[in-house]
Amino acid sequence: MKLFAILASTSSLFAVTLGLKFDMLSLHKGQGASRCVSQWIPKDTPVRVNIMTNQNAPGQTLTANIFDDSVNNNKYTHHSALTNQKFSFITQAHANVIVCIDNVLQEGIPVSNQFAEITINMESGQSASDFQKLVVESELNPIEAELRRLESNLEDVQDFLNYLKTSEAKLRAMNEVANTRVSMFSLITIGVLVSIATSQVFYLRRFFKAKKLI
């Protein structure tokens, strides 16, 4: 037990960095599996996870889940509509911190080699304690430190809201284009049907005249 405590204390003094980059296919819900990466991190260690994504086609919804495999199965974050996000937290147990990514293709879109390029950088220990270092160097009191942390979180929320606003504008434009195309297709269909009906009337009239039925 003493040896475990010494190892945990020693590992917390060093920065642990995990970097991974991979391509993830987008499949319909229930067809694909999560891609996960993990790193063992001691308790009470600051962790910062930076996830960057690049999609080759629209219609993909990326979701990130961060948790650990301890007895309590601590949940650190769940984020949908993932683009480029940073997550910071402090571990609550000596356990593997697991980052899982799901890439779900929207219903109605056929699967055609859509994929997203995922980059995950996970830092822990001293490399993730920039905020705490800033607090110490700036000699902030607890209230100022909490306000600074909330300000950082609000910036992330603002970025996410801007992303939602941009996505909404794109979807609205797509809906307007689709409605215009449907209206044009309906008008063309009506025109074709009227033309066919008119030509049939003239054809039948000539036919009956040729047979001297009228």
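**View 1. Four strands make an open, antiparallel sheet in the order β2-β7-β4-β5.** Everything shown in these legends comes from a predicted model. At the edges of the sheet stand β2 and β5 (75-79), each with a single partner strand, so one side of each is left without a neighbour in the sheet. Going from one strand to the next, the twist averages 10 degrees. As a reminder, strands of a sheet pair through backbone hydrogen bonds, either parallel or antiparallel.

**View 2. Strand β4 (residues 60-68) runs antiparallel to β5 and is joined to it by 4 bridges.** On its other pairing, β4 is joined to β7 by 9 bridges, and these two strands run antiparallel as well. Ala64 is a handy residue to find here: it stands opposite Ile101 in β7, and Ala64 also stands opposite His79 in β5. Asn65 has His78 of β5 as its bridge partner. How many of the 9 residues of β4 are buried? The count is 7, so β4 is largely enclosed by the rest of the structure.

**View 3. The hairpin of β4 and β5 has 6 residues between its strands.** Look for Asn73 in this hairpin, where it takes a positive phi near 50 degrees. While you're in this part of the model, check out Lys75, which lies over the face of Phe67 at 5.1 Å from the ring centre.

**View 4. Cys36 and Cys100 form a disulfide, with 1.9 Å between their sulfur atoms.** A search of the whole structure turns up 1 disulfide. The two cysteines sit in distant parts of the chain, 64 residues apart: Cys36 belongs to strand β2 (residues 35-41) and Cys100 to strand β7 (residues 95-105). Which hand does the disulfide have? The torsion about the S-S bond is about 110 degrees, so the disulfide is right-handed. As for accessibility, Cys36 comes out at 42% and counts as partly exposed, whereas Cys100 is buried, with a relative accessible area of 7%. Both strands should be familiar from the open sheet, whose order is β2-β7-β4-β5.

**View 5. Tyr76 and Phe89 put their rings together as a stacked pair.** The ring centres are 4.4 Å apart and the planes lie at 15 degrees, so the pair is stacked. The count for the structure comes to 2 aromatic pairs. This one links distant parts of the chain, with Tyr76 in strand β5 and Phe89 in strand β6 (residues 85-90), 13 residues apart. Buried or exposed, where do Tyr76 and Phe89 fall? Tyr76 is buried, and Phe89 is too.

**View 6. Glu117 and Lys21 meet through their side chains in a salt bridge, at 3.7 Å from N to O.** In general, side chains of opposite charge can pair when their charged atoms come close. The count of salt bridges in the model is 3. Here Glu117 sits in strand β8 (residues 115-124) and Lys21 in strand β1 (residues 16-25), so this is a link between distant parts of the chain, 96 residues apart. Lys21 is exposed, at 56% relative accessibility, while Glu117 is partly exposed at 28%.

**View 7. Glu123 and Arg48 form a salt bridge between their side chains, at 2.6 Å from N to O.** What do they connect? Glu123 is in strand β8 and Arg48 in strand β3 (residues 46-55), distant parts of the chain that are 75 residues apart. Glu123 has a relative accessibility of 22% and counts as partly exposed. Arg48 is partly exposed too, with a relative accessible area of 24%.

**View 8. Glu168 and Arg172 form a salt bridge within helix α3 (residues 142-210).** The closest N and O atoms of this pair are 3.1 Å apart. In sequence, Glu168 and Arg172 are 4 residues apart, about one turn of the helix. Glu168 has 47% relative accessibility and so is partly exposed. Arg172, at 44% relative accessibility, counts as partly exposed as well.

Technical notes:
Residues numbered from 1 in each chain as written. Predicted model: local features only at pLDDT ≥ 70, side-chain atom pairs only at ≥ 80, totals over all residues. Heavy atoms only, no water. Disulfide = S-S within 2.5 Å. Buried < 20%, exposed > 50% of the residue type's maximum accessible area, 1.4 Å probe, protein only. Pairing = 2+ DSSP bridges. Axes fitted to C-alpha atoms, helices over the stretch in contact; angles between N-to-C directions. Salt bridge = Lys/Arg side-chain N within 4 Å of Asp/Glu carboxyl O. Phe/Tyr/Trp six-rings, centres within 6.5 Å; stacked < 30°, edge-to-face > 60°. Lys NZ or Arg CZ within 6 Å of the ring centre and 35° of its normal.
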